[in-house]
Amino acid sequence: MARRLIDAHGWEKLSIRRLAAELGIAPTTLYHHVRDKEDLLLLLLDEYADQIPRPELPSEPRERIVAAATAMHDALAGWTWAAEILTTDGFIARLSDSARWLVEAIVAGAIDHGCSPSRAVYVFRSIWYYTVGEILVRAHSTGRRSQGGDDDRGGLGASGLPRLAAIGDQWASLAAQDTYVEGLRAFVDGLLAQVTTR
């Protein structure tokens, strides 16, 4: 029921009172099972994480990082609100191990490549920001287009911006392409190259 409320109204509007009303019970009954809204959201995220299939990860560190990040992306792309919740500080540390195994895979891959533990965290955080940013921008752009919003060209036809003006008519289709894995590979290569050049 909580997932349906989130899908219908957004996670920001989920409350213990609203959920209790939908279930036809008193809020105090729910408080016997969860402390607050944040606790409820964590339980939902952990339940979702338990359902995500664990792909076989390659042994080669770079490929393991790419595979784990892609699995993380694909799981969160199907549940965009989870990506929004996980952008708040401290949420990842409060998740269960079943929800953090992809984090472990990325950090371990970076360490196996030669990163120090602190550098491995930097690698993960950089990939995390890229991944969540891609998911949220794509989700918000899709929502805007489906509501009849302006296309992505904006002022690209302006004469003072000749390169953008030349691309203008193609911008929306180019921006809609799914280039996550291609960008991820380039990003991971750049992050790992920093280790070998130090």
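**Notes on an all-helix predicted model**

1. Starting with the overall fold, the protein chain has twelve helices and zero strands, so the pattern along the sequence is simply α-α-α-α-α-α-α-α-α-α-α-α. Please keep in mind while reading that this is a predicted model. Of the 198 residues in the protein chain, 37% are buried. Among contacts with a separation of 6 or more, 66% link residues 24 or more positions apart.

2. A good place to begin is helix α5, which runs over residues 61-77. Its 17 residues cover 24 Å from the first C-alpha to the last, close to the 24 Å expected at 1.5 Å a residue. The helix is largely enclosed by the rest of the structure, because 13 of its 17 residues are buried. At the start of α5 there is a polar detail to look at: a side-chain oxygen of E60 comes to within 3.2 Å of the backbone nitrogen of R62.

3. I65 is one of the residues of α5. With a relative accessible area of 0%, I65 is buried. Setting aside neighbours within four places in sequence, the contacts of I65 are I106, G109, A110, I127, V188 and L192. Another pair to display is I65 and V123: they stand 58 residues apart in sequence, while their C-alpha atoms are 9.6 Å apart in space.

4. H73 also sits in helix α5. Its relative accessibility is 7%, under the 20% limit, so H73 counts as buried. The side chain of H73 has a polar contact with the side chain of D74, at 3.1 Å. Beyond the neighbours within four places in sequence, H73 is in contact with T131, E134, I135 and Y180.

5. That last partner, Y180, belongs to helix α12. Y180 is buried, at 2% relative accessible area. Not counting residues up to four places away in sequence, Y180 touches A69, T70, H73, Y130, T131 and E134. The side chains of Y180 and T131 are joined by a polar contact of 2.7 Å. These two residues are 49 residues apart in sequence, and 8.0 Å separates their C-alpha atoms. T131 and E134 are among the contacts of H73 and also among those of Y180, which makes this group handy to view together.

6. Which residues have the most contacts inside the largest nonpolar core? They are L41, L44, L45, L76, W81, I106 and I127, in a core of 53 residues. At least two core residues come from each of α1 (2-9), α2 (16-23), α4 (37-51), α5, α6 (80-86), α8 (97-113), α9 (117-146) and α12 (180-197). The largest share, eight residues, is supplied by α9. I106 and I127, both on that list, are also among the contacts of I65.

7. L45 deserves its own view, as one of the core residues with the most contacts. Leaving out residues up to four places away in sequence, L45 touches W79, W81, A82, I85, L86, F91 and L95. W81 is on the list of residues with the most contacts inside the core too.

8. There is also some empty space to check. How many cavities of 30 Å³ or more does the structure hold? It holds one, and the largest cavity has a volume of about 250 Å³. Its lining consists of 18 residues, with I52, L76, L86, L95 and A99 lying nearest the centre. Helices α4, α5, α6, α8 and α9 each give at least two residues to this lining, and α8 gives the most, with five residues. Two of the residues nearest the centre, L86 and L95, are touched by L45, while L76 is one of the core residues with the most contacts.

9. A last polar detail concerns D39, in helix α4. Is D39 buried or exposed? At 13% relative accessibility, D39 counts as buried. The side chain of D39 reaches the backbone nitrogen of R35 at 3.0 Å. Not counting residues up to four places away in sequence, D39 touches H33 and V34.

Terms used
Residues numbered from 1 in each chain as written. Predicted model: local features only at pLDDT ≥ 70, side-chain atom pairs only at ≥ 80, totals over all residues. Heavy atoms only, no water. Helix = DSSP H or I, 4+ residues; strand = E, 2+ residues; numbered from the N terminus. Expected span 1.5 Å × (residues − 1). Buried < 20%, exposed > 50% of the residue type's maximum accessible area, 1.4 Å probe, protein only. Polar contact = N/O pair within 3.5 Å; in protein donor to acceptor, adjacent residues only side chain to side chain. Core = buried A, V, L, I, M, F, W, Y, C linked by side-chain atoms within 4.5 Å. Contact = heavy atoms within 4.5 Å. 1 Å grid on protein atoms, 1.4 Å probe; cavity = no way out; pocket = protein on both sides within 12 Å on 5 of 7 lines; lining within 4 Å. Points joined across faces, edges and corners; volume = space filled by probe spheres on them.
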